[in-house]
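Got the model open in your viewer? Let's walk through it stop by stop, selecting as we go.

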Amino acid sequence: MQDAPENSETEESTKESEAAKQRAARAQASIKERERQVQRALATSLRDRDKEREYHKRDEAVQHFNALLADLVRNPDLTWREAKKQLKKDHRYSLAEELSKDDKERLFSQHISVVSNKRRDKLRAMLTELGVDSTAQWKEVKTQLQENPAAPTYKSAAQMEREFRDYQRDKQSNAKTALRQLLLETRAITHRTLAAVRDGPQALTALHDTIKHDARYTALDHIPEERQTIIMSYLEELDKKGPPPPPTATEPTRRTKQ
């Protein structure tokens, strides 16, 4: 009769022991998982730190190389092959060892573009000072530039002439835009002007007389046909638009105060 209680106590002790083992196993598993999480976080942190370190090293290399380019490469006509020979002779070239060949050539191309634009801007400023307009002849302008020691240098006269032609084209394009602005500012020109011009030449003559003393009009004296085309095109635009809306039509609706 005494065996039953003893067996019961043994079973309970066994259950408690198993439960304790399971708790210990879970605790151990939790500790291991936490350790794995810490290791993953640490690895990520180290990778991020390495990336940041590499970024700063590369950024410093870019700055050193750009400084070297600024000091040694001032001629925009230099090729990468020619420039590289000069750059390698400078001890600072080794400071850019983090950069690949492609990186260096790309930075060189960007630098050449900046230097080339500065030279172009200098030439254009000089052409403006000389009063060069859209009708100027290259032969005469070339002589003036050659006599000026401050004029920028080009690899060839043909290269400088291309810049001169581009300057003239831009100047003429700006003059056409300025003429349209003049027409826009002239209150005497309305949506009815085109019809008046079609009725008789006097209206067109009167229009020209109204604006012919403005510099934006005279800037196109050398191409009167194109100027006339711009004027007629503007008149046609106004005619299509019709009369402007009354002032009240563009104002927001106001509520009547009660």
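Does His191 count as buried or exposed? Select His191 and switch on the surface: with a relative accessibility of 18%, His191 counts as buried, because the cut-off for buried is under 20%. Keep in mind throughout that this is a predicted model.

**Around His191**

Stay on this residue for a moment. His191 sits in the loop that links α5 to α6. Now show what touches it, skipping neighbours within four places in sequence: you should pick up Leu238, Asp239, Gly242, Pro243 and Pro244. For a sense of scale, draw a distance from the C-alpha of His191 to the C-alpha of Glu52, and you get 65 Å, for two residues 139 places apart along the chain.

**Helix α1 and Lys15**

Next, select residues 3-72, which make up helix α1, and pick out Lys15 within that helix. Lys15 has 62% relative accessibility, so this one counts as exposed. Draw another C-alpha line, this time from Lys15 to Tyr234: the two are 219 residues apart along the chain and separated by 100 Å.

**Helix α2, two sides**

Move on to residues 80-88, helix α2, and colour Trp80, Ala83 and Leu87, which are buried. Look down the axis of α2: these buried residues fall within an arc of 65 degrees, so they line one face of the helix. Now colour Arg81, Lys85 and Lys88, which are exposed on the other side of α2.

**The two FF spans**

Here's a stop that comes from a record. UniProt, in an unreviewed entry, lists residues 58-114 and 116-170 under "domain: FF". Select 58-114: this span is 67% helix and 0% strand, with its end C-alpha atoms 22 Å apart. Then select 116-170, where the chain is 67% helix and 0% strand and the end C-alpha atoms lie 18 Å apart.

**Where α3 meets α5**

Show residues 101-129 (α3) together with 157-185 (α5); these helices pack at an angle of about 65 degrees, and their axes are 11 Å apart. The crossing of α3 past α5 is right-handed. To see who makes the contact, show side chains for Arg119, Arg120, Leu123, Arg124, Leu127 and Thr128 on α3, then Gln159, Met160, Glu163, Phe164, Asp166, Tyr167 and Asp170 on α5. Colour that contact by class and you'll find 5 nonpolar, 2 polar and 6 charged residues.

**Helix α7 and its neighbours**

Now go to residues 201-211, helix α7, where the buried residues are Leu204, Leu207, His208 and Ile211. Which part of α7 do they occupy? Seen down the axis of α7, they fall within an arc of 95 degrees, so they line one face of the helix. Gln202 and Thr210 are exposed on the other side of α7. Bring in the partners too: the buried residues of α7 pack against α5, α6 (193-199), α8 (215-218) and α9 (224-241).

**Last stop: His222**

Finish in the loop between α8 and α9, where you'll find His222. This histidine, His222, is partly exposed, with a relative accessible area of 31%. Which residues is His222 in contact with, leaving aside its neighbours within four places in sequence? They are Ser134, Thr135 and Gln172. Pick out Ser134 and draw one more C-alpha line to His222: the pair are 88 residues apart in sequence and 8.2 Å apart in space.

How values were computed. Residues are numbered from 1 along each chain as its sequence is written. This is a predicted model: local features need pLDDT of at least 70, side-chain atom pairs count only at pLDDT 80 or more; totals for chains, interfaces and linings use all residues. Side-chain values use heavy atoms; hydrogens and water are left out. Axes are lines fitted to C-alpha atoms, for helices over the stretch in contact, and angles run from 0 to 180 degrees between N-to-C directions. Helices (H or I, at least four residues) and strands (E, at least two) are DSSP runs, numbered from the N terminus. A crossing is left-handed if the near helix is turned anticlockwise from the far one by less than a right angle, and right-handed if clockwise. Contact means heavy atoms within 4.5 Å. Ala, Val, Leu, Ile, Met, Phe, Trp, Tyr, Cys and Pro count as nonpolar, Asp, Glu, Lys and Arg as charged, and the others, Gly among them, as polar. Buried means under 20% relative accessible area, exposed over 50%, partly exposed in between (1.4 Å probe, protein chains only). The arc is that of the directions from the helix axis to the C-beta atoms. UniProt positions are given in the numbering used here, feature names are shortened, and annotations may be inferred rather than shown by experiment.
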